[in-house]
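Me: I'd like to go through this structure with you and ask why things get called what they're called. Can we take it slowly?

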Amino acid sequence: MSQRPAALAAAAALQSATGLAALAFGLSIAVETVLGHWSNLATAISASALTAGGGLLILWIARGLWTAQRWSRSPAVLTQLFALPVAVSLIQSDRPWWGYPLITVAILALLTNLSRPVLEALYADDIAEAERAAEEAERAEAEAEAERKAQGKRKKGQNNKKAV
């Protein structure tokens, strides 16, 4: 792909922002754990590892979008859909400074991932094939209709000869 559409670049950037935020959040949990702000060490370590690992996974999905890999769109959309309730939870808890940016990025990422330019960039071959198939079906239908008309005229001509 010679030119990356702006919407695809934006989708990749927003996905990267989500991944970096998750990674930073996981690392902040680790720092809070070391400083003794978590009462349950096992929960803190698990939350930190899962959140940071999820951030790395999200960054991998962002790379897939950046390189226009078809597989990356579905996990990118799912990531942002899952980010919405997480953002709401963060807003309602004592971390709104994490929640408001996350919900904003999630909504913008969903809009860009579901946009026509991203669809065309990732599925251009499928779209072209579908258009060719539709044109071929229309042409076949037109030929069939012309054949039906021709048969109708031949049959009408035969009926006229029989009547004479």
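Me: What classes of residue make up the lining of the largest pocket?

Reply: Keep in mind that we're looking at a predicted model. The lining of the largest pocket has 13 nonpolar and five polar residues, with no charged ones. There are 18 lining residues, and those nearest the pocket's centre are Ala 22, Thr 51, Ile 58, Val 86 and Leu 102.

Me: Why do Ala 22 and Thr 51 fall into separate classes?

Reply: Because Ala is on the list that counts as nonpolar, while Thr is on neither the nonpolar nor the charged list and so counts as polar.

Me: How much space lies in that pocket, and which element gives the most to its lining?

Reply: The space in the largest pocket comes to about 450 Å³. Helix 2 gives the most to the lining, with seven residues. The elements giving two or more residues are helix 1, helix 2, helix 3 and helix 4 (96-113).

Me: On to the helices. What makes helix 1 roughly antiparallel to helix 2?

Reply: Start with the angle: helix 1 (residues 6-34) and helix 2 pack at about 165°, and their axes are 7 Å apart. Angles over 145 degrees count as roughly antiparallel, so helix 1 gets that label relative to helix 2. As for handedness, helix 1 passes helix 2 in a left-handed crossing. Their contact has 21 nonpolar and nine polar residues, and no charged ones.

Me: Why are helix 2 and helix 3 called oblique?

Reply: Helix 2 (residues 41-66) and helix 3 (residues 73-92) pack at about 135°, with 9 Å between their axes. Roughly antiparallel needs an angle over 145 degrees, and roughly perpendicular covers 65 to 115. The angle of about 135° fits neither, so the two helices are oblique to each other. This crossing is left-handed. Helix 2 makes the contact with Ile 58, Ile 61 and Leu 65, and helix 3 with Arg 73, Pro 75, Ala 76 and Thr 79. By class, that's five nonpolar, one polar and one charged.

Me: And what makes helix 3 roughly antiparallel to helix 4?

Reply: Same routine. Helix 3 and helix 4 pack at an angle of about 150°, and their axes are 8 Å apart. The cut-off is over 145 degrees, so helix 3 counts as roughly antiparallel to helix 4. Helix 3 passes helix 4 in a left-handed crossing. Among the residues in contact are Leu 84 and Val 86 of helix 3 and Trp 98 and Leu 102 of helix 4. The contact has 20 nonpolar, three polar and one charged residues.

Me: One last thing: what is there to notice about phi of Ala 68?

Reply: Most residues other than glycine have a negative phi. Phi of Ala 68, however, is near 60°, a positive value in a residue that isn't glycine. You'll find Ala 68 in the loop between helix 2 and helix 3.

Conventions. Residues are numbered from 1 along each chain as its sequence is written. This is a predicted model: local features need pLDDT of at least 70, side-chain atom pairs count only at pLDDT 80 or more; totals for chains, interfaces and linings use all residues. Side-chain values use heavy atoms; hydrogens and water are left out. Axes are lines fitted to C-alpha atoms, for helices over the stretch in contact, and angles run from 0 to 180 degrees between N-to-C directions. Helices (H or I, at least four residues) and strands (E, at least two) are DSSP runs, numbered from the N terminus. Angles under 35 degrees count as roughly parallel, over 145 as roughly antiparallel, 65 to 115 as roughly perpendicular and the rest as oblique. A crossing is left-handed if the near helix is turned anticlockwise from the far one by less than a right angle, and right-handed if clockwise. Contact means heavy atoms within 4.5 Å. On a 1 Å grid over the protein atoms alone, a cavity is a set of points where a 1.4 Å probe fits but cannot get out, and a pocket is an open set with protein on both sides within 12 Å along at least five of seven lines; lining residues have an atom within 4 Å of a point. Grid points are joined across faces, edges and corners, and a volume is the space filled by probe spheres set on the points.
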